[in-house]
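Here is a friendly walk through one protein model, written for someone who likes to see the cut-offs next to the values. Have the viewer open as you read.

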Amino acid sequence: MENVRELIGKEFDGAKLIAHCDPDFPREHLADRLTPGGNYLVLTGPEGDFSPAEIELALSHGFRSVSLGRNRLRTETAALYAVVAVSILNR
């Protein structure tokens with residue numbers, strides 16, 4: 001399995017988003033970044049969230065910061081939330 005730094009550096013034909021809880025980085029809600037028919041790569045953090053260095057690296061590679069809401073979600077729940085949000089929009 002690739003580590004997050006390798007994944008961040010890969011090319012992707014679509015919108016690249018990183019979902020995190022760090023208040024030091026401005027974020028938009030995920031739903032505000034999605035458009036019907038879009039192709040998305042959404043990174044959801046490990047337990048404890050991404051480190052500031054990982055967030056900065058993602059932003060420097062064209063990712064946009066997003067929030068999944070006011071509550072901190074478990075890793076598994078965050079990933080499902082992102083998949084369902086994109087799926088509902090593109091049904």
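## Charged pairs and the sheet

Arg64 is partly exposed, with a relative accessible area of 39%; here buried means under 20% relative accessible area, exposed means over 50% and partly exposed lies in between, using a 1.4 Å probe and protein chains only. This is a predicted model, in which local features need pLDDT of at least 70 and side-chain atom pairs count only at pLDDT 80 or more, while totals for chains, interfaces and linings use all residues. Residues are numbered from 1 along each chain as its sequence is written, and side-chain values use heavy atoms, with hydrogens and water left out.

Arg64 has a charged partner in Glu28, and they form a salt bridge, that is, a side-chain nitrogen of Lys or Arg within 4 Å of a carboxyl oxygen of Asp or Glu. This pair links distant parts of the chain, with Glu28 in strand S2 and Arg64 in strand S4, 36 residues apart. Strands (E, at least two residues) and helices (H or I, at least four) are DSSP runs, numbered from the N terminus. Glu28 also forms a salt bridge with Arg33, and Glu28, Arg33 and Arg64 are linked in a network of salt bridges. Glu28 is partly exposed at 30% relative accessible area, as is Arg33 at 25%. A search of the whole structure finds four salt bridges, including these:

| Salt bridge | Closest N to O distance |
|---|---|
| Glu28 and Arg33 | 3.5 Å |
| Glu28 and Arg64 | 3.1 Å |
| Glu76 and Arg74 | 3.7 Å |

Arg74, from the last row, counts as exposed, at 58% relative accessibility.

Now for the sheet. Four strands form an open sheet in the order S2-S4-S1-S3, with parallel pairing. S2 (28-29) and S3 stand at the edges with a single partner strand each, so one side of each is left without a neighbour in the sheet. Two strands pair if DSSP finds at least two bridges between them. S2 and S4 (residues 64-67) are joined by two bridges, while S1 (residues 15-19) and S4 pair over three. In S4, Ser65 is the bridge partner of Ile18, and Ser67 stands opposite His29. Helix H4 (residues 75-89) lies across S2 and S3, at about 160 degrees to S3; axes are lines fitted to C-alpha atoms, for helices over the stretch in contact, and angles run from 0 to 180 degrees between N-to-C directions.

His29 itself is found in strand S2 and is partly exposed, at 29% relative accessible area. Leaving aside neighbours within four places in sequence, His29 is in contact with Ser67, Leu68, Gly69 and Tyr81, where contact means heavy atoms within 4.5 Å. The C-alpha atoms of His29 and Leu68 are separated by 6.0 Å, although the residues are 39 apart along the chain. The His29 side chain also reaches the backbone nitrogen of Ala31 at 3.1 Å.

Which side chain of opposite charge is nearest to Asp49? It is Arg72, 4.3 Å away, and Asp49 is buried yet has no salt bridge. Asp49 sits in the loop between strand S3 (40-44) and helix H3 (52-60). A polar atom of the Asp49 side chain lies 2.7 Å from the backbone nitrogen of Cys21. Beyond neighbours within four places in sequence, the contacts of Asp49 are Ala19, His20, Cys21, Asp22 and Arg72.

How values were computed: Lys and Arg count as positive and Asp and Glu as negative; His and the chain ends are not counted. A polar contact is a pair of N or O atoms within 3.5 Å; within protein, one must be able to donate a hydrogen and the other to accept it, and residues adjacent in sequence count only if both atoms are side-chain atoms.
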